[in-house]
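This report describes the geometry of one protein chain, going from its empty spaces to its sheet, its helix packing and its backbone. The chain itself is shown first.

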Amino acid sequence: MSSWQNLLTEVRQCTLCEPELPMGARPVVQLHPNAKILVAGQAPGRRVHASGKPFDDPSGDRLRQWMGVDKTTFYNAEKLAIIPMGLCYPGAGKSGDLPPRPECAPAWRQKLLQQLPNLELTLAIGQYAQSWHIDEPKQTLTERVKNWESYWPEVLPLPHPSPRNNLWLKRNPWFEDSIIPMLQERVSALLSE
């Protein structure tokens with residue numbers, strides 16, 4: 001087994017913050033060194049925890065639509081890596097899921113990212129992923145998304161594709177009008193190389 005496969009096995013057996021997780025530990029990650037695109041999300045939701053498949057929910061449906069890819073392409077680890085900031089479902093809060101567990105990214109993120117030598121595009125989804133991948137902590141999520149060209153073509157900040165963000169999308173029609181076509185074009189080019 002190669003070093004990245006050993007790491008992936010180790011990550012999937014992690015129980016670092018299991019005592020804090022309402023449904024136990026079940027790290028959900030997709031990785032292969034050939035991947036050119038990284039989907040950096042927040043943390044798995046309840047449905048993803050149950051299936052063990054990243055973005056296996058309505059958020060994933062919207063994200064695939066934004067990217068212009070089908071499920072077969074999306075779940076091809078040699079094309080797309082999927083590494084959330086928290087690898088396990090953190091539980092539900094008052095207005096949605098809780099934030100990713102704080103122990104997870106320091107323990108695993110850098111080790112996992114080092115296994116992606118061919119990475120050309122990171123989709124930083126939501127504030128936690130953006131805080132890690134974009135070194136401008138004083139900006140809001142909306143400001144980062146509006147300033148996408150500052151990080152392009154290596155990183156693209158995105159709002160979370162959750163149905164809970166329908167209001168944000170309605171208030172910011174420029175996002176789907178301007179950014180989504182450009183995202184689809186870049187994803188298509190990277191996947192066809």
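The structure holds one cavity of 30 Å³ or more. The model is a predicted one. In the largest cavity there is about 90 Å³ of space. Its lining is made by 13 residues, of which C14, C17, L87, C88 and C104 are the closest to its centre. Sorted by class, that lining has ten nonpolar, two polar and one charged residues.

The largest pocket has a volume of about 880 Å³. It is lined by 34 residues, and those closest to the pocket centre are S59, D97, H160, S162 and R164. Two or more lining residues come from each of helix 2 (46-51), helix 3, strand 4 (96-97) and helix 6. The classes in the pocket lining are 18 nonpolar, eleven polar and five charged residues.

The table puts the two spaces and one helix contact side by side by residue class.

| Site | Nonpolar | Polar | Charged |
|---|---|---|---|
| Lining of the largest cavity | ten residues | two residues | one residue |
| Lining of the largest pocket | 18 residues | eleven residues | five residues |
| Contact of helix 3 with helix 9 | six residues | two residues | one residue |

The next topic is the sheet. Four strands form an open sheet in the order 2-1-5-6, and their pairing is parallel. Which strands stand at the edges? They are strand 2 (80-82) and strand 6 (155-158); each has a single partner strand, so one side of each is left without a neighbour in the sheet. On average, and with direction ignored, neighbouring strands of this sheet are turned by 15 degrees against each other. Strand 5 (residues 121-125) runs parallel to strand 6 and is joined to it by four bridges. Within this pair, L123 has L156 of strand 6 as its bridge partner.

Two helices can be placed against these strands. Helix 3 (residues 58-67) lies across strand 1 (37-40), strand 2, strand 5 and strand 6, and runs at about 145 degrees to strand 1. Helix 6 (residues 126-133) packs on the sheet as well, where it touches strand 1, strand 5 and strand 6. The direction of helix 6 makes about 135 degrees with that of strand 5.

Helix 3 also meets helix 9 (residues 173-192): their axes come within 7 Å and cross at roughly 75 degrees. Angles of 65 to 115 degrees count as roughly perpendicular, and helix 3 and helix 9 are therefore roughly perpendicular to each other. Helix 3 makes the contact with Q65, W66 and M67, while helix 9 contributes F175, E176, I180, L183, Q184 and V187.

Two backbone details remain, both in loops. The peptide bond from W152 to P153 is cis, and its omega is near 10 degrees. P153 is in the loop between helix 7 (141-146) and strand 6. What is the phi of F55? F55 has a positive phi of about 55 degrees, although F55 is not a glycine. This residue is found in the loop between helix 2 and helix 3.

Notes. Residues numbered from 1 in each chain as written. Predicted model: local features only at pLDDT ≥ 70, side-chain atom pairs only at ≥ 80, totals over all residues. Heavy atoms only, no water. 1 Å grid on protein atoms, 1.4 Å probe; cavity = no way out; pocket = protein on both sides within 12 Å on 5 of 7 lines; lining within 4 Å. Points joined across faces, edges and corners; volume = space filled by probe spheres on them. Nonpolar A, V, L, I, M, F, W, Y, C, P; charged D, E, K, R; others polar. Pairing = 2+ DSSP bridges. Axes fitted to C-alpha atoms, helices over the stretch in contact; angles between N-to-C directions. Contact = heavy atoms within 4.5 Å. Parallel < 35°, antiparallel > 145°, perpendicular 65-115°, else oblique.
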